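Please open the model in a viewer and keep the sequence at hand. The stops below are given as selections, each followed by what is found there.

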Amino acid sequence: MAQKAEVTGREEQIVVFKLAEQTYGVDIGAVAEIIRMESITRVPRAPEFVEGVINLRGRIIPVIDLRKRFGLPEGEQTRQSRIIIVEIGGMTIGMIVDAVLEVLRIPAETIEPPPAVVDGVDVAYLRGIALWEERMIILLNLQKILYENEREALEEAEAAFEATA
Amino acid sequence: MFSDAEISVFLDELEEKIQILNDNFLLLEKEADDPQVLQEIFRAAHTVKGSSAIMGYDRMSRLTHEMENLFDNLRQGRLRVSTEMIDVLFEALDTLKSLRDEITEQAAPVDIEPVVAKLRRFLPGEGAENMAGGIPAAATSSSSGSAFSLTEAEEEVIRAAYVRGMQAYWIKVVVDAECQMKSVRAYLVFQTLQEQGEIIKAVPPAEDLQEGKFDTTFEVVLLTQEDAGRIRHLLLTISEIADVSVETINLPEDEAVSVTASGVAGSSQAVTPAGKQGASGATREREEGVKQAKTVRVDVQKLDNLMNLVGELVIDRTRLDRFAAIFRSRYGSDDLVDVLNEISNHLGQLTNDLQEQIMKARMLPIAQVFNRFPRMVRDLAHKLGKEINFIVEGKDTELDRNVIEVIGDPLIHLLRNAVDHGIESPEERVRVGKPRTGTVLLKAFHQENHIVILVKDDGRGMDVERIRKKAVERGLVDAEMAGRLTEREILNFVFLPGFSTAQEVTDLSGRGVGLDVVRKNIEQINGHIEMNSVLGQGTEFEIKLPLTLAIIRALMVSVSGEVYAFPLTNVMETIRISPQEVKRIQNTEVIIVRGKVLPLICLAEYFGGQRIGDSRLYVVIIGVGNRRVGVVVEELLGEQEIVIKSLGEYLGRIPGLSGATILGDGRVALIVDARALTQEVTRGVAEEALYAAS
């Protein structure tokens with residue numbers, strides 16, 4: 001990530017979205033497309049935060065509810081709700097967000113490491129906080145969010161973090 | 001430099017020749033003196049030598065030259081085939097494969113000298129040099145209508161020209177009888193032709209022509225990319241040329257040695273009991289060669305993408321249909337609505353055809369996998385000091401490409417087991433009154449909607465009683481239960497992880513080692529494996545595979561507002577029952593269908609939803625092997641063909657589901673994993689109770 005920022009003149013392009021009254025951002029490089037909510041087929045016995053699967057032009061794409069993923073209070077789906085399709089490590093996954101706000105170009109130096117706790121969102125899922133033009137954008141670490149099977153490793157890291165904090 | 005396309009053509013040819021060499025080496029070992037086999041090998045080596053030299057792969061050319069040399073000596077009767085020689089030949093073949101890999105994968109350079117030295121060691125005293133270039137000129141008359149012939153070397157050059165997209169013409173020039181300066185005319189002809197391509201032969205020879213040492217006619221062979229008509233036209237513009245005929249030289253795709261090629265050459269069917277296939281084998285080989293030239297290699301991913309696009313079309317077609325229905329209800333039947341209907345129907349037809357064609361494009365003959373095995377079995381038998389007649393049947397059977405990719409490893413395992421543990425040593429076989437040579441059969445064939453692959457040996461077989469004892473020791477079943485299980489059920493214990501090791505199951509070792517992995521691999525592609533074995537008589541594995549991974553027929557049902565698909569292969573029947581028919585045995589619900597007790601499971605409940613409690617229940621009876629389970633669903637929606645798609649890496653394996661498919665309206669339906677469901681349910685059931693009840 002840091003290297004990339006250098007190449008682009010220390011700027012980063014971020015897709016900014018809203019989730020439970022907070023402003024979040026993901027690196028635009030990971031975003032394949034943004035689609036409206038559509039009929040999602042529930043997948044029984046999948047992890048709870050997995051909303052189900054959708055048909056994206058013939059591909060079956062799992063969709064996760066980011067609120068549930070972060071343990072945030074449940075919200076209602078509105079006309080603004082969107083599914084952000086991201087591609088990470090060869091996997092394609094949809095994330096339900098409350099609304100997509102804009103695409104921002106922010107100087108890399110405005111990004112700071114995440115504080116210990118951000119509105120209940122597990123710090124392990126965060127890449128940092130961007131303070132830019134009076135706004136605070138929480139940048140997500142998609143790798144961590146999407147690799148559920150690395151959860152144990154995450155918890156260990158968390159414990160280690162807490163021990164040092 | 002050669003283009004990628006040219007290299008790819010070369011590699012295709014190389015692949016084919018390697019296979020011919022491999023198959024015939026195996027035959028050679030059995031029937032050392034069969035001249036047809038030797039001829040076949042000689043020609044394959046010779047072709048590779050020629051084409052690799054042209055392509056500039058010097059080491060490959062040198063290696064095949066040495067091989068050819070050896071075969072020439074064998075052919076002339078100056079040498080005799082020995083097991084040791086076969087070993088070295090296989091080593092040379094492996095080196096040849098490494099050289100090929102060098103081209104395709106930029107692998108590290110291979111040192112051919114050690115094996116070349118070994119090959120040379122077999123040569124008779126007079127040494128290699130005599131034979132180096134001495135390819136017997138098996139003259140042929142493949143250019144129709146001409147009295148002249150091409151040498152093998154010339155044919156080689158022509159074949160190489162084919163590879164480069166050139167044609168070879170046999171051009172006959174008649175000079176005007178009154179012509180004063182024949183040599184000048186001949187010179188002009190040569191000059192004109194050389195502007196268009198390459199002259200590789202002239203009759204009489206060029207020197208004679210230049211000196212006018214010919215009557216009125218001479219002939220040349222030209223390699224060019226121009227067409228025959230233009231060449232002829234160009235020559236006729238030269239004055240004092242009376243007539244020109246241009247004939248295309250069509251060498252057969254393979255070798256042009258016409259006499260022997262049409263004879264017996266059992267190369268396609270590697271090792272057969274008779275060892276010979278008759279002329280049909282040779283013919284097929286030829287056809288395959290031709291077919292290969294017309295083949296395009298396509299990434300499977302691309303086919304998958306095509307399939308997805310067709311899926312999209314299907315969805316649009318459904319939408320169009322609905323649109324037409326709305327129009328009809330609104331405006332009644334009018335011309336426009338009729339046209340819309342017609343378009344929709346036609347689109348439906350097209351998408352179906354398209355789907356079928358793409359499916360077919362994914363199919364490959366299982367020969368792709370089977371071809372590796374004769375060599376493997378041979379080497380293994382050799383190493384273990386066993387005598388094995390390895391029979392391969394049904395190589396033409398076609399399978400989905402993905403299935404072919406997965407099936408190789410399990411088959412290797414089963415064949416190894418058969419050779420290693422199944423077949424006894426020759427001495428032991430004689431002692432128990434069997435023929436010295438054991439037989440291992442590998443066979444593929446169609447059966448309804450499946451492909452069946454058999455791996456069968458006539459070896460020592462499995463001891464059911466020992467397995468039964470072991471199953472009890474391991475606590476898999478209690479003694480009483482074990483006594484009731486059929487032989488087949490007992491045998492199936494060897495598929496359990498880590499069940500059978502070494503001495504405990506057979507007298508030797510490891511018959512069962514890894515069979516759990518084999519089964520897992522096969523089940524991954526919706527296949528199924530069963531085993532039959534008779535102590536002292538042999539063992540047979542039967543693998544049943546779906547024809548294609550991509551499309552299956554399924555029974556669609558609805559549960560809690562979602563649509564689920566049951567693969568039809570696992571659906572035994574569907575029935576309706578009333579809630580009163582549901583009985584309870586211990587903690588399990590069961591129903592009795594025609595005197596048989598079946599555990600019952602409510603799919604909605606199994607998937608974490610509300611239990612279905614209607615006055616009438618729909619039950620889908622699914623079966624895997626000999627286990628049956630009744631599954632309660634809300635509604636039966638009917639059968640349809642579905643395209644299987646994976647749920648993807650992110651979700652991983654979800655118990656009870658084997659994938660998903662896209663419905664006509666674009667929604668996703670999940671596919672029920674009948675196998676997992678059956679296993680899970682029957683495992684949960686106190687089996688004794690079931691047995692007691694039935």
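Select Asp458(B) and Arg429(B): their side chains meet in a salt bridge, 2.9 Å from N to O. A salt bridge here is a side-chain nitrogen of Lys or Arg within 4 Å of a carboxyl oxygen of Asp or Glu. The pair links distant parts of the chain, 29 residues apart: Asp458(B) sits in the loop between E9 and helix H19 (464-473) of chain B, and Arg429(B) in helix H18 (residues 426-431) of chain B. Helices (H or I, at least four residues) and strands (E, at least two) are DSSP runs, numbered from the N terminus. Arg429(B) counts as buried because its relative accessibility is 0%, whereas Asp458(B), at 21%, is partly exposed. Buried means under 20% relative accessible area, exposed over 50%, and partly exposed in between (1.4 Å probe, protein chains only).

The model is predicted: local features need pLDDT of at least 70, side-chain atom pairs count only at pLDDT 80 or more, and totals for chains, interfaces and linings use all residues. Residues are numbered from 1 along each chain as its sequence is written, chains are lettered from A and ligands numbered from 1 in the order in which they are written, and side-chain values use heavy atoms, with hydrogens and water left out.

Keep Arg429(B) selected and add Glu424(B), which forms a salt bridge with Arg429(B), the closest N and O atoms being 2.8 Å apart. Both Glu424(B) and Arg429(B) are buried.

Next, select Asp457(B), in strand E9 (residues 450-457) of chain B. Asp457(B) is buried, with a relative accessibility of 6%. A polar atom of the Asp457(B) side chain lies 2.9 Å from the backbone nitrogen of Gly459(B).

Move to helix H16 (residues 373-384) of chain B, where Arg375(B) and Asp379(B) are separated by about one helical turn because they are four residues apart. These two form a salt bridge, with their closest N and O atoms 3.0 Å apart. Arg375(B) is buried at 11% relative accessibility; Asp379(B) is partly exposed at 28%. Extend the selection to Asp87(B), Asp94(B), Lys97(B) and Arg378(B), which are linked with Arg375(B) and Asp379(B) in a network of salt bridges. Over all chains, the structure holds 39 salt bridges.

Now select His46(B), in helix H2 (residues 35-55) of chain B. An unreviewed UniProt entry annotates His46(B) as "modified residue: Phosphohistidine"; such annotations may be inferred rather than shown by experiment, their positions are given in the numbering used here, and feature names are shortened. His46(B) is buried, at 3% relative accessible area.

For the nonpolar interior, select Ile64(A), Leu66(A), Phe70(A), Phe566(B) and Leu603(B), which touch the most other members of the largest nonpolar core, a set of 77 residues. Such a core consists of buried Ala, Val, Leu, Ile, Met, Phe, Trp, Tyr and Cys residues joined through side-chain atoms within 4.5 Å. Strand E18 (residues 617-624) of chain B gives this core its largest share, five residues. Another core, of 50 residues, lies apart from it and includes Ile407(B), Ile453(B), Met531(B) and Ile543(B).

Finally, display the whole of chain B, which has 26 helices and 22 strands. Of its 694 residues, 50% are buried.

Technical notes. A polar contact is a pair of N or O atoms within 3.5 Å; within protein, one must be able to donate a hydrogen and the other to accept it, and residues adjacent in sequence count only if both atoms are side-chain atoms.
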